[in-house]
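Biologist: Please show me the model, and then I will ask how its labels are earned.

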Amino acid sequence: MKCNENWLMQNLLVIFFVSQLFSTSSLLESPASSSSSSSAEPSQETLVEDFFICRSCGHDVSLSNFVLEKYSPLALGSSNQTLSTGREAIVQEVQNTLGIRFKIIVVEKAYCAKVESWSLLHSWFPGYAWKLCVCPKCRTHLGWMFEPLETATSDRYFPTEKGFYALISSNIISEGYVNSLLMREKALRDN
């Protein structure tokens, strides 16, 4: 019975997170996009492949379903990386003006805390403004939010549908990978 209760609780948490991620009142959508979403489109179900979580605190950040193939012309290099779900992700290495290098994965949606205004300087994606993406729970720097220059206004907290997120691969981890480590560890203890 305990196993069934754990399974039920895990599935309820997944359903809750996905509903929060796709709801129009979610922090992932800007005020402008939520007010303009009155079109009568049928809702589509999304099969959750895996979660990206904050490596520091375990807070949900994004879904592996949201990985995009968006290349930065200023990337120093890129490579394909296979996620725990088997999905391929492009990992790009970028460098800021201080010479610090980051390996990033681009996703269409993520869960970030509200932070300062958009910056137009030194964007790795020309034509886009950027701002920091920090974990809403522990404030760890997770990456950056990008928004087209024409819509990156001071009253917009999060990217529109034309925007995206670049997550630092070393600051996130796949929940499936974490669970596989825990399951193996438990399996070893039981033997």
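The questions below deal with cysteines and a sheet.

Modeller: This is a predicted model, in which local features need pLDDT of at least 70 and side-chain atom pairs count only at pLDDT 80 or more, while totals for chains, interfaces and linings use all residues. Residues are numbered from 1 along each chain as its sequence is written, and side-chain values use heavy atoms, with hydrogens and water left out.

Biologist: Why is the link of Cys-112 and Cys-133 called a disulfide?

Modeller: A disulfide is a pair of cysteine sulfur atoms within 2.5 Å. The sulfur atoms of Cys-112 and Cys-133 are 1.9 Å apart, so they form one. Cys-112 lies in the loop between strand 5 (101-107) and strand 6 (128-134), and Cys-133 in strand 6, so the pair ties together parts 21 residues apart in sequence. Strands here are DSSP runs (E, at least two residues), numbered from the N terminus.

Biologist: Why is there no bond from Cys-54 to Cys-138?

Modeller: The closest cysteine sulfur to that of Cys-54 is in Cys-138, at 3.7 Å, which is too far for a bond.

Biologist: What makes Cys-54 count as buried or exposed?

Modeller: Buried means under 20% relative accessible area, exposed over 50%, partly exposed in between (1.4 Å probe, protein chains only). Cys-54 has 1%, so Cys-54 is buried.

Biologist: How do you know that strand 1 and strand 9 pair?

Modeller: Two strands pair if DSSP finds at least two bridges between them. Strand 1 (residues 51-54) and strand 9 have three bridges, in the antiparallel sense, so they pair. Phe-52 has Ser-174 in strand 9 as its bridge partner.

Definitions and conventions:
Helices (H or I, at least four residues) and strands (E, at least two) are DSSP runs, numbered from the N terminus.
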